[in-house]
Amino acid sequence: KIGGMMCATCVETIESALRALPGVVTATVNLGTEKAYVTFNPSVSTTGDMKKAIEDAGYQYLGISGEVSEEAEKKARDADLHDKFIRFVVGFAVSIPLMLAMFLPLPIPMHTLAYMMLVISTPVFVFVAAPIFRAAWVSLKNRKLSMDVMYAMGTGVSFVASVMGTFSIILTHEFMFYDTAIMLAAFLMLGRYLEARAKGRTSDAIKKLAGLRVKVATVVRDGTEQELPVEDVVPGDLVIVKPGAKVPIDGTVTEGESYVNESMITGEPVPPLKTKGSHVVGGTLNTNSVITVRAEKVGKDTVLAQIIQLVEDAQGSKPPVQRIADIAVTYFIPAVLLIAAVSFVAWYFLFHETALFALTALISILVVACPCALGLATPTAVTVGVGRGAELGILIRNGEALEIAEKVTTVIFDKTGTLTRGKPEVTDIIPAGIPENTLLAFAAGVEKNSQHPLALAVVKAAQERGVT
């Protein structure tokens, strides 16, 4: 897990740093999930080397995914959100009054107002824009032109021009951009705050899947039943699963028989009967009686753990459209810097416009040309799409499958069971020679003490019709 990423250039910087390590075969960084997926030879490079490479590139190494506790992750995310929130609120609270001061007829000479603005805006600008300039410095140190370099140039030029105008160094009092500099930095912080919130929500889908995992198992050891954390269960242990409880591990039934709802794995709504020798899967629901299961697969080897891993891998995979975006970004920033410089030269020297107009054009281009959408929109769309699918029980193998899916015209289902509500119910009663309600009363009477899914449907139908 990596912290401090802002745009597609950050992704490219980290990928380059990781690929430069010996023994690294592939390195893919996902901005949406804030993770790097690395295939490497552990005898040549270690995770310690990766940590150093990530930190040398100017980003935070937050540990191996899965090893960082959910509470620690949530705490870090909340602290980051709070920091961005405070920065943009302070930025707007100061920049809006400064902007109004430029338009309202105040009984203060412009010279005095300029000095007042300098004193008020300097600490605020430093506070709000600090993360942008820090990130820009790291990028330049790594010989990369990131979006932060452009932001720093846009806001920095605005502020420096204002200071020069205040002290009449080349420029005049017309160059009062203090409000612009702070407001631009505040808008960037607002954008990053909203991005960070969107990233936080996308991981909720995986958390819901992980919520199917059982935390505690009842294990028979030395002839006694013990409640143990599911991580302590080892293959070969005998696990007792009571009615209404979820099966904690993958294994084989050794004693008892019961109907187990496996719809979360198979999509089949009717729970099959599990008897001695039947296979059961972790996360499925035991419905009606006690069974004893011999553990065969535990922890990350279970079917459910592999499904969760599949969804996480899908969120980290790059669809073809994102690869195009990544390439585009590398050419985009130099092109924008060139256009901004050309526009200044053209307006000032060729068309003889004022320095104020030419400088405004330069700042506008630097600030407006922000390809964060290129870097964030695609990975966020993939992450949200795959996550939303997982919530609804649709598992998507990778980003490419998701991208191709919009061309699908026909869907063929091989099991009618997957298209039902998941619970059998009585739809028709066809009596021969006796009234419908009498037939239903007899059938429900016979089925009353059975836990079979079809028996429950018959009893429910009788209750709904008020049949005794």
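Colleague: What relative accessible area does Phe85 have?

Modeller: This is a predicted model, in which local features need pLDDT of at least 70 and side-chain atom pairs count only at pLDDT 80 or more, while totals for chains, interfaces and linings use all residues. Residues are numbered from 1 along each chain as its sequence is written, and side-chain values use heavy atoms, with hydrogens and water left out. Buried means under 20% relative accessible area, exposed over 50% and partly exposed in between (1.4 Å probe, protein chains only). Phe85 falls in the partly exposed class, with a relative accessible area of 36%.

Colleague: Is the pair of Phe85 and Tyr193 stacked, edge-to-face or tilted?

Modeller: The structure holds 13 aromatic pairs, where rings of Phe, Tyr and Trp (its six-membered ring) pair if their centres lie within 6.5 Å, with planes under 30 degrees apart counted as stacked, over 60 as edge-to-face and the rest as tilted. Because the centres of Phe85 and Tyr193 are 5.8 Å apart and their planes stand at 50°, this pair is tilted.

Colleague: How many residues apart in sequence are the parts that this pair ties together?

Modeller: Helices are DSSP runs (H or I, at least four residues) and strands likewise (E, at least two), numbered from the N terminus. Phe85 belongs to helix α3 (residues 70–103) and Tyr193, which is buried at 15%, to helix α6 (residues 178–202). The pair therefore ties together parts whose separation in sequence, in residues, is 108.

Colleague: Which residue of the edge-to-face pair with Phe133 counts as buried?

Modeller: Phe133 forms an edge-to-face pair with Phe125, at 6.0 Å centre to centre and 75° between the planes. At 32% relative accessibility Phe133 counts as partly exposed, whereas the residue that counts as buried, at 7%, is Phe125.

Colleague: Where in α4 does a kink lie?

Modeller: Helix α4 (residues 110–141) has 32 residues, but its end C-alpha atoms are only 40 Å apart, short of the 46 Å that a straight helix would reach at 1.5 Å a residue (1.5 Å times one less than the number of residues). The bend at a residue is the angle between axes fitted to the seven residues ending there and the seven starting there. A kink of about 60° lies shortly before the proline Pro131, at Ala129.

Colleague: Which residue in β10 is the bridge partner of Tyr259?

Modeller: The open sheet of three strands runs in the order β10-β9-β12 with antiparallel pairing, two strands being paired if DSSP finds at least two bridges between them. Strand β9 (residues 258–261) pairs with β10 over two bridges, and in β10 the bridge partner of Tyr259 is Leu273.
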